[in-house]
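Here is a short tour for a newcomer. Keep the 3D view open and follow along.

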Amino acid sequence: MAKHNLLAFSLIIMLSSIVPTFAKTTTPLNETCVDDIGFNLQFSIYQESCPDAEAIVYSWAETAISQDPRMAASLLRLHFHDCFVNGCDASVLLDDTDNFVGEKTAPPNLNSLRGFEVIDSIKSDLESVCPETVSCADILAIAARDSVVLSGGPSWEVQLGRKDSLSASKAAASNNIPAPNSTVAILVAKFQNVGLTLNDVVALSGGHTIGKARCSTFRSRLQGLSASIGGPDVNIEFIQSLRQLCSESESTTTLAHLDLATPATFDNQYYINLLSGEGLLPSDQALVTDNEQSRRIVESYAEDALLFFDDFKNSMLRMGSLGKLTGNSGEIRRNCRVVN
């Protein structure tokens, strides 16, 4: 893997250049993303200091996903769970120390988050080529984009220049990350707490078009609790198939595809599923049963995959700029699991 896949890097640039522009339901982003204290993220920040950085990340992601297609969703989820806890600062990657308890054992992450070893490999490779240059937080952002591209989804140019945190917060991870049984009101509140909107809720939920979830995360769907909320939107046949899957083993480790139709392809099938009552997680199905505005957005994405792609990449850029450490804040970790 030390011989880097420059062809893959060229593919990223080519893909990002051919993604067309469509009518947006979100506000366009500027070329840089400035936070409240004046620092900013920039495109191509490693062009001189580590020109092969994005090619290296892509190469490792490509290998990992080819060996385990589920890894695409896992790498995307790592970035999401990182950004919702004190911003996109790679705090999610830190192991516990004598001074703090990390985020890996928080309920939303425990026995759930995956891909740490892939990030370790990427970081090790980057440190051998350009030491103490590329942050772990930037690696997470790039790997998330590459996972979407490698699954057939849209590409975008990632804004870079984040620093890594010096600590982590299990409490914040426990409280800030939306739970799989959240109502739309709860989802909106948690997203608004970090500066994101209802449109971002629906667009970023589209990441559930790939990946799997444990039976324990959608238990209320099996118990028929969605029926009291969803009324005619409940798909009895779908619920019965989930009950059968999850009753085959008493283990809570049984997994189900978040999108049964195209489980490894990043597309708009997730939204089509929701309109058919086939949302796996309660928080998924709630998007069409809890709130008329969110349902209209779901319907627009189900009808127009390109609109979804455009809004998704813009929401990813907005999420990627949350509470970042830049400039003289934070550090560039040599090992993503520990502070220097």
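## A covered helix

This is a predicted model. Start with helix α13, whose buried residues pack against five other helices in the list α7 (184-193), α8 (198-205), α9 (219-222), α12 (269-275) and α14 (292-303). Helix α13 itself spans residues 282-289 and is mostly covered. Seven of its eight residues are buried. These are P282, S283, D284, Q285, A286, L287 and V288.

## The chain as a whole

Now step back. The protein chain has 15 helices and four strands. It contains 340 residues, and buried residues make up 53% of them.

Contacts often span long stretches of sequence. Take the contacts between residues at least 6 apart in sequence: 79% of them join residues at least 24 apart.

## Two nonpolar cores

The largest nonpolar core has 78 residues. Those with the most contacts inside it are L93, I119, L126, Y271, L287, F312 and M319. Helix α5 (residues 136-150) supplies the largest share of this core, nine residues. A second core is separate and has 13 residues, including A213, L222, I239 and L281.

Look next at M319, one of the residues with the most contacts inside the largest core. Which residues does M319 touch, leaving aside its neighbours within four places in sequence? The list is H79, F80, C83, F84, C88, L196 and L204.

## Helix α4 and its partners

Helix α2 (residues 53-67) and helix α4 (residues 116-129) have axes that come within 10 Å. The axes cross at roughly 150 degrees. That angle is over 145 degrees, so α2 is roughly antiparallel to α4. The contact uses A53, I56, V57, W60 and A64 from α2. From α4 it uses V118, S121, I122, D125, L126 and V129. By class, this contact has nine nonpolar residues, one polar and one charged. The crossing of α2 and α4 is right-handed.

Helix α3 (residues 71-83) also packs with α4, at an angle of about 75 degrees. Their axes are 10 Å apart. The angle lies in the range 65 to 115 degrees, so α3 is roughly perpendicular to α4. Here M71, L75 and L78 in α3 meet F116, V118 and I119 in α4. The contact of α3 with α4 has six nonpolar residues, no polar and no charged. V118 of α4 appears in the contact with α2 and in the contact with α3.

## Helices α7 and α8

Return to two helices that pack against α13, namely α7 and α8. The axes of α7 and α8 come within 9 Å and cross at roughly 105 degrees. This makes α7 roughly perpendicular to α8. Helix α7 contributes V184, L187, V188 and F191 to the contact. Helix α8 contributes L198, D200, V201 and L204. The residues divide into seven nonpolar, no polar and one charged. L204 of α8 is also in contact with M319.

## A closer look at R243

R243 sits in helix α11 (residues 236-247). Is R243 buried, exposed or partly exposed? Its relative accessibility is 39%, so R243 counts as partly exposed.

R243 and R219 are 24 residues apart along the chain. Their C-alpha atoms are separated by 9.1 Å.

How values were computed: Residues numbered from 1 in each chain as written. Predicted model: local features only at pLDDT ≥ 70, side-chain atom pairs only at ≥ 80, totals over all residues. Heavy atoms only, no water. Core = buried A, V, L, I, M, F, W, Y, C linked by side-chain atoms within 4.5 Å. Buried < 20%, exposed > 50% of the residue type's maximum accessible area, 1.4 Å probe, protein only. Contact = heavy atoms within 4.5 Å. Axes fitted to C-alpha atoms, helices over the stretch in contact; angles between N-to-C directions. Parallel < 35°, antiparallel > 145°, perpendicular 65-115°, else oblique. Left-handed = near helix turned anticlockwise from the far one by under 90°. Nonpolar A, V, L, I, M, F, W, Y, C, P; charged D, E, K, R; others polar.
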